[in-house]
Amino acid sequence: MQKKLLFILFCLPLLLTACQRQTSADRAASRMLGDARFALRHGHYAAARDTILSLRRRYPTALEARRQGILLLDSIELTAARDSLQRAEGAEWERLHVKAQFFERKLMEDQKK
């Protein structure tokens with residue numbers, strides 16, 4: 001019985017520390033999502049994309065932020081393709097049109113999950 005109590009007392013601080021780290025990772029990942037949304041709103045597609053990719057590398061345990069990041073990355077790609085479609089012609093327009101359709105379908109599927 002005493003060994004179990006000692007084990008619990010030893011593990012409790014580790015558990016509390018792990019929970020605090022998870023919370024700080026979630027907060028930092030949420031800030032990065034906000035930064036990516038800001039960049040998207042202002043038409044900085046590469047910066048928005050890079051922010052999401054960096055979030056995924058830096059915070060592998062921030063699962064909710066990563067899930068939202070997938071949806072946001074789809075939105076970034078879709079918006080960038082639609083924006084480029086306005087200036088494209090010929091074969092480039094066709095390629096971008098297919099890309100936009102793909103990301104529209106992908107975004108719909110990702111939102112179902």
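Buried means under 20% relative accessible area, exposed means over 50%, and partly exposed lies in between. The exercises below apply this to a predicted model.

**Exercise 1. Classify E64 as buried, partly exposed or exposed, and describe its surroundings.**

Solution.
- Step 1: Find the element. E64 belongs to helix α3, which covers residues 63-85.
- Step 2: Compare the accessibility with the cut-offs. The relative accessibility of E64 is 41%, so E64 counts as partly exposed.
- Step 3: Look for a side-chain partner. The side chains of E64 and R67 are joined by a polar contact of 2.6 Å.
- Step 4: Look further along the chain. S30 is 34 residues apart from E64, and their C-alpha atoms are separated by 9.0 Å.

**Exercise 2. Describe the secondary structure of the protein chain and its confidence.**

Solution.
- Step 1: Count the elements. The protein chain has four helices and zero strands.
- Step 2: Write them in sequence order. The pattern reads α-α-α-α.
- Step 3: Take the overall confidence. The mean pLDDT of the chain is 84, with 80% of the residues at 70 or more.
- Step 4: Compare the elements. Helix α1 (residues 2-41) has the lowest mean pLDDT, 72, while α2 has the highest, 95.
- Step 5: Draw the consequence. Where pLDDT is low, predicted coordinates should not be read in detail.

**Exercise 3. Check whether the lengths of α2, α3 and α4 agree with or depart from the span expected at 1.5 Å a residue.**

Solution.
- Step 1: Fix the rule. The expected span is 1.5 Å times one less than the number of residues.
- Step 2: Take α2, residues 45-58. Its 14 residues should span 20 Å, and its end C-alpha atoms are 20 Å apart, so the two values agree.
- Step 3: Take α3. Its 23 residues should span 33 Å, and the distance between its end C-alpha atoms is 33 Å, which agrees.
- Step 4: Take α4. This helix has 23 residues and reaches 34 Å from its first C-alpha to its last, close to the expected 33 Å.

**Exercise 4. Find what R49 touches outside its sequence neighbourhood.**

Solution.
- Step 1: Place the residue. R49 is part of helix α2.
- Step 2: Classify it. R49 has a relative accessibility of 23%, so it counts as partly exposed.
- Step 3: List the contacts. Neighbours within four places in sequence aside, R49 is in contact with L73, I76, E77 and A80.
- Step 4: Check one of these by C-alpha distance. R49 and E77 are 28 residues apart along the chain, and their C-alpha atoms are separated by 8.2 Å.
- Step 5: See which residues of α2 are buried. They are Y45, A48, T51, I52, S54 and L55.

**Exercise 5. Trace the contacts of D74 and D110.**

Solution.
- Step 1: Place both residues. D74 is in helix α3, and D110 is in helix α4, residues 90-112.
- Step 2: Classify them. D74 is buried because its relative accessibility is 3%. D110 has a relative accessible area of 14%, so D110 is buried.
- Step 3: List the contacts of D74, leaving aside neighbours within four places in sequence. They are F103, K106, L107 and D110.
- Step 4: Identify the polar partner. The side chain of D74 makes a polar contact of 3.1 Å with the side chain of K106.
- Step 5: Do the same from D110. With neighbours within four places left out, D110 is in contact with I70, L71 and D74.
- Step 6: Set this in the context of the helices. The buried residues of α4 are L96, A100, F103, L107 and D110, and the buried residues of this helix pack against α3. The buried residues of α3 include L71, D74 and E77.

**Exercise 6. Find the aromatic pair and say what kind of pair it is.**

Solution.
- Step 1: Count the pairs. The structure holds one aromatic pair.
- Step 2: Name the pair and its geometry. F102 and F103 form an edge-to-face pair, 5.0 Å centre to centre, with 80° between the planes.
- Step 3: Classify each partner. F102 is partly exposed because its relative accessible area is 41%. F103 has a relative accessibility of 13%, so F103 counts as buried.

**Exercise 7. Summarise the chain as a whole.**

Solution.
- Step 1: Take the buried share. Of the 113 residues, 30% count as buried.
- Step 2: Take the contacts with a separation of 6 or more. Residues 24 or more positions apart account for 58% of them.
- Step 3: Take the surface. The accessible surface comes to about 8,200 Å², and 60% of it belongs to carbon and sulfur atoms.

How values were computed
Residues are numbered from 1 along each chain as its sequence is written. Side-chain values use heavy atoms; hydrogens and water are left out. Helices (H or I, at least four residues) and strands (E, at least two) are DSSP runs, numbered from the N terminus. Buried means under 20% relative accessible area, exposed over 50%, partly exposed in between (1.4 Å probe, protein chains only). A polar contact is a pair of N or O atoms within 3.5 Å; within protein, one must be able to donate a hydrogen and the other to accept it, and residues adjacent in sequence count only if both atoms are side-chain atoms. Contact means heavy atoms within 4.5 Å. Accessible areas come from the Shrake-Rupley method with a 1.4 Å probe; for residues, only the protein chains shown count as cover. Rings of Phe, Tyr and Trp (its six-membered ring) pair if their centres lie within 6.5 Å; planes under 30 degrees apart count as stacked, over 60 as edge-to-face and the rest as tilted. pLDDT is the predictor's confidence in each residue, from 0 to 100.
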